[in-house]
Structure formats: C-alpha cells, structure tokens
Amino acid sequence: MDKEITVKNERFAMTLPWYAMSADQVMSRLETGKEGLSGNEIEKRLREFGLNLLSATKPRSPFVRFFLQFNNVLIYVLLVSAVITGILGHWVDTGVIAGVVVINAIIGFIQEGKAESALEAIRKMLSLEATVIRNGQRMSIPGEEIVPGDIVSLVSGDRVPADIRLIDENNLSVDESALTGESQPVAKHIDTIPIDTPLGDRFDMVYSGTLVTQGNALGVAVATGDKTEFGRIGQMISDVREITTPLLQRIAVFGRWLTVGILAVTVFTFLVGTVMQGYSMADMFLICVALAVSAIPEGLPAVMTITLALGVQRMARLNAIVRKLPAVETLGSVTVICSDKTGTLTKNEMTVQTVVTPDRTFEVTGTGYFPAGEFYLNHHMVEPYRYPELEDAIHAAVLCNDAVLQEKDGSWTVVGDPTEGSLLTLGMKAGVEPNVQRNLEYRLSSIPFESGHRFMATLNQDSQGNRYIFIKGAPETVIDRCSDERTEDGKRPIDRDYWHHHIREIASNGQRTLAVAARKVSPDTTEIGFADVEHDLVMLGMFGIIDPPREESLLAVNQCHHAGIVVKMITGDHVETARVIGERLNIGVGKPAVTGAELEKMDDETLRRTVEEVDVFARTSPEHKLRLVEALQANGEITAMTGDGVNDAPALKRANVGLAMGEKGTEAAKEAASIVLADDNFSTIAGAVREGRRIYDNLQKGILFLLPTNGGMSLVVIAAVLLDFALPLTSKQILWINMITATTLCLALTFERPEANVMDRPPRDPKAPPLTLYMVWRIIFTSFILMLAALLLFDWELRNGQSLQAAQTVVAATIVVGQMAYLLNCRFLRASSLTFRIFRGNTTMYVAIGILVVLQLMYTYVPWFQEIFDTAPLSPKDWILVFAMGVATFLIIEMDKAIERWLAKRNGEPDF
Ligand code: ATP
C-alpha cells in the first residue's frame, strides 16, 4: 500500500496537478473520502510521507557560530593587544590575552546556543493545531500529523496546515501574502481550474502557511511538509528570531563608541607616558595594552543575552509566550491595556439564569455546565414542558448551536463556544437531549457566528419535512430582523419596547444577553445566506447568561492601576453588561461607557478625547479596536491590546504590544501578536508587565555593575602613568579580574527578582535613554571609589616594604572584593541595600560569591597561578584591609544612593 501511494504520486506528477482535477478525482486518487482516512492508513502514510514539517532552514554550523563570536570590535582590540605583547616578547601575556579571547568566545557560544534553544522551545509551544475528519469523526490534531488524504476543516482565522484541494467552501477568503506577496485576500471556490493556471490564481486550492480570513471550508490535504508550495520555496513560516531588542541594539552601538573612546584614551596615555613622563616605548606599549584591556567590558554581551533569554523563558512559565523579543522591553513602558472581557477578565464559564419569552420571565437554577436545575416563574417552580413558547425558544437555542457537552467522572465541560454550551445545559435542564434533537431536526446549512455580524443562523428540517431558519445572536441584532413574536398559541406583531426593556434589565445584572428567532421556509430551500435572515423572523425568546469575573482579574486590574497603567475593556457584549462587569472589576467606575455604534459616528479628534475619558467600550466590532489603538497612540499612550479573532489581527499588529489568546485565539491573531497568553487570562498580562519591568531592570543592573570594574581599572592604570608610579595591575591581572567578575558575579544579577516597588512605579518613558544621568554618574563615581581603594592599598603596601607583586595582588583583591560589595549595592537599583532583604531572594548570588572566593584564593596562593599572573601570597592583615575597603565601598555607594533618593524625592520624581 505504502508503495502504491508513492507510485501514484510519481504518476500524478507526470499527469495532472491536483488543482486541475475535480475534488472527487483528487479524493479517489488519494484513496480517501469525506469520512476521512482510518487508523491504519494514517500510520502508514505518516511513515511514508513523514511529519508535516518544513525541514528547518539550515542552521549555521557550530564552527561558523563559534568564529562569529570573534566578530566584535572589542575583541579586535584584544587581539591586537595579544599581537603587540607577542612582538614585545611577553609570551605569557599574549597567552593570557588569547586565552581570555577564546574563553570569551566559548562563553558567548554556549550562552547564544542556550538562548537560541530556549527561544526555539518557546516557538514550539505555539505549534499549530488542525481540525481533521478521520474515521468519520471531527477531531483536533497537531498540524504536523496531517498526511496526504486527510480531510481538513478550515474556519476563518486558521492558518492553512498543508496544501489542500477544496471540496466544500462557504464564503472562503484566504490571505496568501506569505506565499504570493498579494496582500488582498483571495476568494476561493471548488470548481476545477485549467492546468496552466499560475499559483496566485489557483482558486480551488489553499496553500500551507496562508491564513483564512473569512468563511469556512473542507478540503483534502494533497501535499505536506517540504512537498508543499511553501516548502518548495524553502522558507520558514516562523519569523526570524533574533536575540536582540532596542536596548541591546543601543548597547551594541554604545560598545562601538566605547571602543573608539578607549582607543583615544589609550593613544593619549601613550603620548603622555612617552613624551612627558619619559617611559620607554616598549614599556608604554605594555601599559597601554593593559589600559585597553582593562576598559573593555568583554562579559557585557553575554550577560545581556542570557538575561533576556532567561527572562523570556520565565515569562513562558508564567503563561506569556513571547513571539517578538522587543515586546519584553515595551511591556515596561505600557500605559494602557485594552482587554477583551469574555474569557480574559471573566471565567468564560457560562450559565443561563434567565429566559424571557414574549409573556413571561423564567429564572433557572444550577451552576456551570452540570445539567441539573429548575425553572421558576414568579418564584414558583414550574415544569418547562407546560410552556410551549419556552420549549420553542430552547429548541432553537439547541439547534442553532455548534457546541458539544461532555461528561467525564461527573464533571461537565464544553467543546466549542461556552456561550453555546450554556444553552445546551439549559436544554438538558428542560429535558431536551441535544444529540437526539439534532438528529430529529438535522441541519442543512448554516451561517457561522462572527463578532462582526453578531449572530449565527442555521437551516434545519424537522421529522415532517418542514424547514426552518433559526437565528441566535445579540438581541438588538435579532429584534431588528423580527416582525412577529411567538405567543403561547401562535404569534403576534413584535413589541420591541418589551424586549428592549428586558435587555436592559438582564444586562443590568451583569448577564450576557442572547436572543433566538425563527422563520419557516419553503421545503425546497437548501442553502441560507445573509439575505434570508434580514427580516420577517419570529422572535422566540431571550436568555440572560452569567459569566462571573475571574477572582484574580480584580487583583490584577488593581495592580495595573498602581503601576500607572489604565485598564480599558473592549467587548462585543451589551453596554450595560459591560458596564456592570467593569464596575465589579474596578474598570471605568463612575465613567460613561461607549458603544461601537457611537464610536463610528466620532471623528478622529472626538475619538482621541473619548479614549482618554472612557474605559468601557461595548458592542464593538474588531475593526473598532484598530481605531481605538490609533487614537490612544495619537495621544501618546503606549498601548497593549488583546485579541483572538482574525479581524483583530490589524489592531494587534498596530498595538505597541499585541496580546493574542492562546486557547481561543485564531492562528491569524497569534501571528499578528507579539505575545501569546497561553491561559487567555488578564492576570497573565499584569504578570508579563511585571516580568518585563524586571528584565529591563536587570539589564540595567548588569550594565551598572559591570562598567565600574572596567572604569576603576582603567583609572588605576591612567593614574599610574600620570602620577608616574609602578603599574598597580598588569594586563593579564586585569583580564583575570574582568573575566571572573563578569562571568560569575554579573550572571548572579540576571537571576535578580523584581524589586519590591516594581509595580508601584509609573511606566518607563520609552524615549528615555537606557542609562539615566544618575546611572552614568554612578558608573563614574564607583569607578573612582574602586580606583581610590586600590591605589590607597597599593601605596600602603609599597610603603611598608612589600614586593610589587604582593602590592599588585592586593590591588586585584581590592577590586574583586570591592565588586562583591558593589554587587550588593546593585541588587536594588535605587532602593537601599542596607536591609536584611539583601541576604535573601537570590541564591545564585551566594554561589557566584563562593566561586569567586575560591578562584581569588587560587589566584593568590596556588603556585601555578602565581607564576602565570605574577601574584604573591597575602597575609591575614592584607585581607583585613582589603575587606575593610570592600565595606567602605559598599557604604559610600549606599550614601550616594541615599542622596539620589533624597534628590529625586525633592524633585517629585517617582521612587525607583
Ligand atoms: P469579548 O469581545 O469581550 O470577548 P464577547 O465574546 O462577548 O466579548 P462577541 O463574541 O463578539 O463578544 O459577542 C458579542 C455578542 O454576540 C454577545 O453579547 C452575544 O449576544 C452574541 N453572541 C456571542 N456568542 C454567540 C454565538 N455563539 N452565537 C450567537 N450569538 C453570539
């Protein structure tokens, strides 16, 4: 069998392409039918054709990746230094410098690999799900398991998982820009097309990697994996994931300028040394190499990359899956979050509590989807079957419905739309068995629900051959289309005031509203379109559905308010429902709510004013979201926007941070978004903002910590030349300090937890430079403190008759211990480190300090190290002095922080 398929495929390649065959021909060629493939066959084909995956674009070879680590100006300077020391015959120095360069490349290589695989793992979390028909059953499978011959079902918002010949379609349009570059959606049909049709005009096919923008369809997969058109052009669907963000780019630019600065200072020092101080050229060369080497922050790129990668990994664990890395930084600047209501702020666990018919209002008991509950009329329990108009409304709600209820171990869940699920539960409470009813009155045609038109309609035939159209949707939409209403024993002209009054009443309890209506049509009707549900419908009833807010939403909204972020709710629900739910969640309290219809009438200027004042937007369509984002951005707001549908994609793309729903979101929304919320939960957004702010803080802390080491050591060397005394540190000693402090201590900062006030401060101004004036000052100030500490002890040692080697070893120890102390200062950007919290919350810090202590002891006492680095053993007295200098450094920097806090407070700046 396996063989036959291959043969068939080969033969097919020589005869007719799939698009030039009729749908039936294609199915018989692939030995499949509308019932789909069956178990055995699927496995065989999976073995035959392999997984439906594109072989990834060829990864760079590890060899190339390793050598790219050297492609960095800072490293060039080191390499030149190695050559110069070599020429001067200082082979040990050359060896150490070369060693540092290699170690640096290895660290960079490993970190980069780790970061890439972390991001790759995150990308995999977003893998595609596809709906197929197999063994006559509709089921959801991972997109990679699709095989040729599978019957695939597509709805708007889906990404097409394979190349598919259409069998059936309903209003289908597909965005093929990924494949053909054509930005307008293309309408599809199922009629066979001529053999010489170019790719862009093959209307009976849909291609892997394109997006369904409208309608729904059924088709047969004809090509998978690399055999698809997408695979043939050798592209990756996933976006290129560069490990960079605006901050990192700015740091790279900074690195280049820093190098220019370092070279300038080095040349200047060289001239001063040779011309004014009378050093020999060779000596001055060595000193200048030491200077250049001391000033270069070799560890910086690795620290930045790993901070980001670890942060993104943590965010994924918190259910926020980052698709576009710059979003991590933008999160910290977000000033407005626009959130959907249903399922994001609320639980999406719907229960019908009220049913209104033209003459009566019933209350229904029970919670969740468990189908047990009673009907009450005027506080008296009643039997639903005594009220035929109630039964009709419930029948319509069950038939015009795609959801399925499932029971497992006594707990009931919905497959499909929870709103529809709640109607099935209602039906079962009234004794209507959904499956039985759906078989008795089977469906012939349907118009699926979309947020844009806010209704769904079906055409059903009952056991007597009568055909009816049922429509269910937002009550205002349904009422407009009705001419009559169903009474106990017939119908009468619709009383619109009655219904509108009840809509408001139900909505003011925070319940969602939904109405059903019907119309009898002639028995030869086989299809329905929008024109069939425009008018002359008979209103059957209306439902009030509760959807309780998530407990954690209120907390998260309040957290956002504290963090200076305004939360706005944008929902398709009724304005009153939205207002009440908003109030319960502390959104838009005491402010007016605005509807989509009102938004449409506003010009841009009015809209800009409105978006500042209003927090609840109801009965909106996805198109309104784009206008809202644009208006907010025009007001200077940095906007995060949630969305799930295909029509939400433009708003998600436009928003500064687009957030797509992982569970109920379409592929189109996910692809447009920069972050996917795996649990669709609003509180995840607040968590992501917190994490985004933490990552940015930690990137800043990394820079703030690392640069003074370089600054301090450069100043030590420059001071030695200017003041004309022996070099307190040689180039290899400097490299030792640079490497070990960078790789051990600084990495500890990447694990730093969020600061206590991380969600109490306002959003960061996105235009603010990555380093504030204060931070630049801190780097310079700390450099001076470290230099001072080192030189004081250097001088003291020499005065007390110690050897130069011993004095140099003390200098190295002073800087390393000073850095350990400074690490404690840096754990909190501005907040005081004179607290017991300094000992908690970051165990990696202890590990790093422990490793550093061992390394520094080896550097000082192990003969082999003494030989390479020209070090000498230190006495306990030396260590006491070094330690005292460390404590002094810590206290002085704390004083500086305190002054800074005081100044900030006096200027009314936020406290961070
Ligand atoms: P949000 O945008 O916050 O997620 P939502 O999910 O309530 O809100 P929509 O799904 O656009 O927004 O629903 C808008 C209205 O359409 C609902 O208030 C309801 O009246 C109606 N509606 C919702 N789901 C269905 C459905 N499956 N069939 C028919 N009508 C529906």
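**Exercise 1.** Determine whether Thr228 is buried or exposed, and locate its side-chain contact.

*Solution.* Step 1: Thr228 has a relative accessible area of 0% and is therefore buried (buried means under 20% relative accessible area, exposed over 50%, partly exposed in between, with a 1.4 Å probe and protein chains only). The model is predicted, so local features need pLDDT of at least 70 and side-chain atom pairs count only at pLDDT 80 or more, whereas totals for chains, interfaces and linings use all residues. Residues are numbered from 1 along each chain as its sequence is written, and side-chain values use heavy atoms, with hydrogens and water left out.

Step 2: Thr228 belongs to the loop between β7 (211-223) and α8 (229-232) (helices, H or I of at least four residues, and strands, E of at least two, are DSSP runs numbered from the N terminus).

Step 3: From this loop, the Thr228 side chain reaches the backbone oxygen of Gly225 at 2.8 Å. This is a polar contact (a pair of N or O atoms within 3.5 Å; within protein, one must be able to donate a hydrogen and the other to accept it, and residues adjacent in sequence count only if both atoms are side-chain atoms).

**Exercise 2.** Describe helix α14 and its ends.

*Solution.* Step 1: α14 spans residues 418-429, and its 12 residues reach 16 Å from first C-alpha to last, close to the expected 16 Å (1.5 Å times one less than the number of residues).

Step 2: Because 12 of the 12 residues of α14 are buried, the helix is largely enclosed by the rest of the structure. Among the buried residues are Glu420 and Lys429.

Step 3: At the N-terminal end, Asp417 acts as a cap, with a side-chain oxygen 3.0 Å from the backbone nitrogen of Thr419. Just after the helix, Gly431 adopts a positive phi of about 85°.

**Exercise 3.** Characterise the surroundings of the ligand.

*Solution.* Step 1: The ligand is surrounded by 20 residues, and Lys341, Asp417, Arg512, Thr513 and Asp573 are the closest (a residue is near if one of its heavy atoms lies within 4 Å).

Step 2: A polar side-chain atom of Glu420 lies 3.0 Å from a ligand nitrogen, and one of Arg512 lies 2.4 Å from a ligand oxygen. Gly572 places a backbone N or O atom 3.3 Å from an oxygen of the ligand. The protein covers 92% of the 620 Å² of accessible area that the ligand has on its own (Shrake-Rupley method, 1.4 Å probe).

Step 3: Among the elements that form the shell, β21 gives the most, with 3 residues.
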